Amino acid sequence: MMEGLELPTITNHMPDLLATDEAWWANVRALYDLDDAVVMLDNGYWGAMARPVLQAYQQATATVNAGNAWFGRRAFPPLLEQARTHLAEVLGVHADEIVLTRGATEAMQVLIGGYNRLAPGDTVLYADTDYDSMISAMRWLHARRGVAAQRIVLPEPFDHDSIVEAYRQALQRYPRTRLLLLTQVNHRNGMQLPVAEIAALARAAGAEVVLDAAHGIGQVDTPLRALGVDFVGINLHKWIGAPVGMGAIYVRRGRVRDLDPYMGEADDDRIDTRIHTGTVNFAACMALPVALDLHQRIGVANKRARLLYLRNLWLDALRDEVGVQLLASADPRLSSAIAAFRLRGQTTLADTTATAEQMVRQSGVFVVPRDGLASGACLRVTPGIFSTPAQMAALVGAVRAALG
């Protein structure tokens with residue numbers, strides 16, 4: 001076991017049972033130095049580094065600073081390659097299919113902007129649940145590639161069949177669709193898409209999928225290759241717990257040339273030629289393997305089970321509150337750590353922001369307003385693996401207090 005990862009052995013290998021083992025998860029929580037100024041339920045922004053990762057990051061910063069350019073030019077390149085190889089192993093892909101980025105937004109902008117199999121008159125599709133920066137990139141393809149960018153609205157409340165049907169109908173309505181943006185787990189209401197099914201529909205319709213997995217990798221236990229997608233943007237500082245400013249691009253072998261080279265880079269089959277971030281955060285890259293080790297030590301299936309358990313605690317408690325509209329599905333196939341709600345009648349960003357401020361002021365509970373859904377604004381709730389049932393109870397109390 002790596003130094004600092006002082007977790008007891010998992011004797012119960014059933015994630016759903018481990019999810020309720022408060023003693024075991026208290027050991028996980030003890031790995032984090034967390035500020036308790038508020039009940040922090042915005043863990044979808046980024047995931048706090050566990051102490052072993054923070055210590056590795058701090059030590060790496062000192063090493064880089066002391067060694068300066070001599071370290072950066074001579075010692076760092078193999079360490080960077082080790083980090084990439086380690087990430088590829090965790091994801092179950094080849095190292096030459098992965099390149100590190102500064103986050104999922106940069107990764108997705110490279111994939112969307114660089115995708116070169118589009119012709120004037122083609123259509124690209126995105127949904128109201130997709131991330132704002134990715135939506136902007138899809139719209140920008142009109143100027144860059146001469147395509148039509150079309151928005152679809154996903155049903156609410158949502159269920160598996162209605163979501164798949166919404167994409168099926170969209171592909172039929174726009175038969176010239178050649179690129180489809182999918183968000184594995186969206187940042188607004190936390191819905192997890194049935195990516196593999198929708199990707200199969202897209203392929204049958206002659207369309208390619210580019211997948212935003214910023215909130216998927218690290219908390220969804222579906223192997224990357226099982227998603228059936230060749231282009232994926234990944235975040236490593238959310239659910240993997242790497243230092244802030246870490247992400248990755250996955251491009252399946254044989255598909256690199258379907259992306260433009262990055263600003264004059266060589267047009268060859270190396271994924272590295274599709275992005276050039278300049279001088280990277282040496283220390284963050286060096287700490288990434290420690291974050292990956294802890295991620296594997298806890299186990300993605302165990303993370304997912306714990307996060308869904310915490311999510312369901314607050315959702316179930318508020319399900320019969322007539323003044324609360326829950327934006328979440330009871331179907332575990334569509335569920336993630338993230339879920340959302342709104343007080344009935346509050347659909348504007350101003351209203352939800354005011355309610356969020358009221359919850360902090362009255363109850364010390366921190367959730368965040370999100371805008372962009374066709375149905376209106378909402379309040380997003382995101383526990384982390386270090387969150388507790390008591391914090392979920394505090395959230396329920398805060399919502400009830402906001403109802404008056």
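A cavity here is a set of grid points where a 1.4 Å probe fits but cannot get out. Two of these, at 30 Å³ or more, turn up when the whole structure is searched, and the second largest holds about 40 Å³ of space. Keep in mind that this is a predicted model. Beyond the cavities, there's an open pocket of about 580 Å³, a seven-strand sheet, a four-strand sheet and a set of 26 salt bridges. Here's the rundown.

**Enclosed space**

- The second largest cavity, at about 40 Å³, has a lining made of Asp128, Thr129, Leu154, Pro155, Glu156, Phe158, Asn189, Met191 and Leu373.
- Sort that lining by class and you get five nonpolar, two polar and two charged residues.
- The largest cavity comes in at about 170 Å³.
- Its wall is built from 17 residues, and the ones nearest the centre are Tyr32, Trp239, Gly241, Lys303 and Ile385.
- Helix α8, residues 282-298, is the top contributor to the lining of the largest cavity, though that amounts to three residues.
- In class terms, the lining of the largest cavity splits into 10 nonpolar, five polar and two charged residues.

**The open pocket**

- If you're after open space, the largest pocket has a volume of about 580 Å³.
- It has 23 lining residues, with Leu80, Leu100, Thr277, Gly278 and Val280 nearest the centre.
- Three elements put two or more residues each into that lining: α3 (51-91), β2 (98-101) and α8.
- Helix α3 has the largest share of the pocket lining, with six residues.
- Helix α8 therefore shows up in two places, since it lines the largest pocket as well as the largest cavity, where lining means having an atom within 4 Å of a point.
- The pocket lining divides into 10 nonpolar, eight polar and five charged residues.

**The seven-strand sheet**

- This open sheet runs in the order β2-β8-β7-β6-β5-β3-β4, and its pairing is mixed.
- At the edges you'll find β2 and β4 (148-152); each has a single partner strand, so one side of each has no neighbour in the sheet.
- On average, neighbouring strands in this sheet are turned by 20° against each other, direction ignored.
- Edge strand β4 pairs with β3 (residues 123-127) in the parallel sense, over five bridges.
- For a specific pair to click on, Ala127 has Ile152 in β4 as its bridge partner.
- Helix α5, residues 132-145, lies across β3, β4, β5 (177-183) and β6 (208-212), and it runs at about 165° to β3.
- Strand β2 also has a second role, as one of the elements lining the largest pocket.

**The four-strand sheet**

- The other open sheet has the order β9-β10-β13-β12, with antiparallel pairing.
- Here the edge positions go to β9 (324-327) and β12 (368-370), each with a single partner, so each has one side left without a neighbour in the sheet.
- The twist from one strand to the next averages 35°.
- Inside the sheet, β10 (residues 339-343) and β13 (residues 378-381) are joined by three bridges in the antiparallel sense.
- Phe341 sits opposite Leu379 of β13.
- Helix α9 (residues 300-318) lies across β9, β10 and β13, at about 25° to β10.
- Helix α11 (residues 389-403) also packs on this sheet and touches β9, β10 and β13, with its direction making about 20° with that of β10.

**Salt bridges**

- The count for the structure is 26 salt bridges.
- One to look at is Asp230 with Arg252, whose side chains meet at 2.8 Å, N to O.
- That contact ties together distant parts of the chain, 22 residues apart: Asp230 is in the loop between β6 and β7 (231-235), while Arg252 is in the loop between β8 (247-251) and α8.

**Backbone oddities**

- Glu156 and Pro157 are joined by a cis peptide bond, with omega about 0°.
- Pro157 belongs to the loop between β4 and α6 (160-173), and Glu156 is also one of the residues lining the second largest cavity.
- Asn68 has a positive phi, near 55°, despite being a residue other than glycine.
- You'll find Asn68 in helix α3, which also gives six residues to the lining of the largest pocket.

Terms used
Residues are numbered from 1 along each chain as its sequence is written. This is a predicted model: local features need pLDDT of at least 70, side-chain atom pairs count only at pLDDT 80 or more; totals for chains, interfaces and linings use all residues. Side-chain values use heavy atoms; hydrogens and water are left out. On a 1 Å grid over the protein atoms alone, a cavity is a set of points where a 1.4 Å probe fits but cannot get out, and a pocket is an open set with protein on both sides within 12 Å along at least five of seven lines; lining residues have an atom within 4 Å of a point. Grid points are joined across faces, edges and corners, and a volume is the space filled by probe spheres set on the points. Ala, Val, Leu, Ile, Met, Phe, Trp, Tyr, Cys and Pro count as nonpolar, Asp, Glu, Lys and Arg as charged, and the others, Gly among them, as polar. Two strands pair if DSSP finds at least two bridges between them. Axes are lines fitted to C-alpha atoms, for helices over the stretch in contact, and angles run from 0 to 180 degrees between N-to-C directions. Contact means heavy atoms within 4.5 Å. A salt bridge is a side-chain nitrogen of Lys or Arg within 4 Å of a carboxyl oxygen of Asp or Glu.
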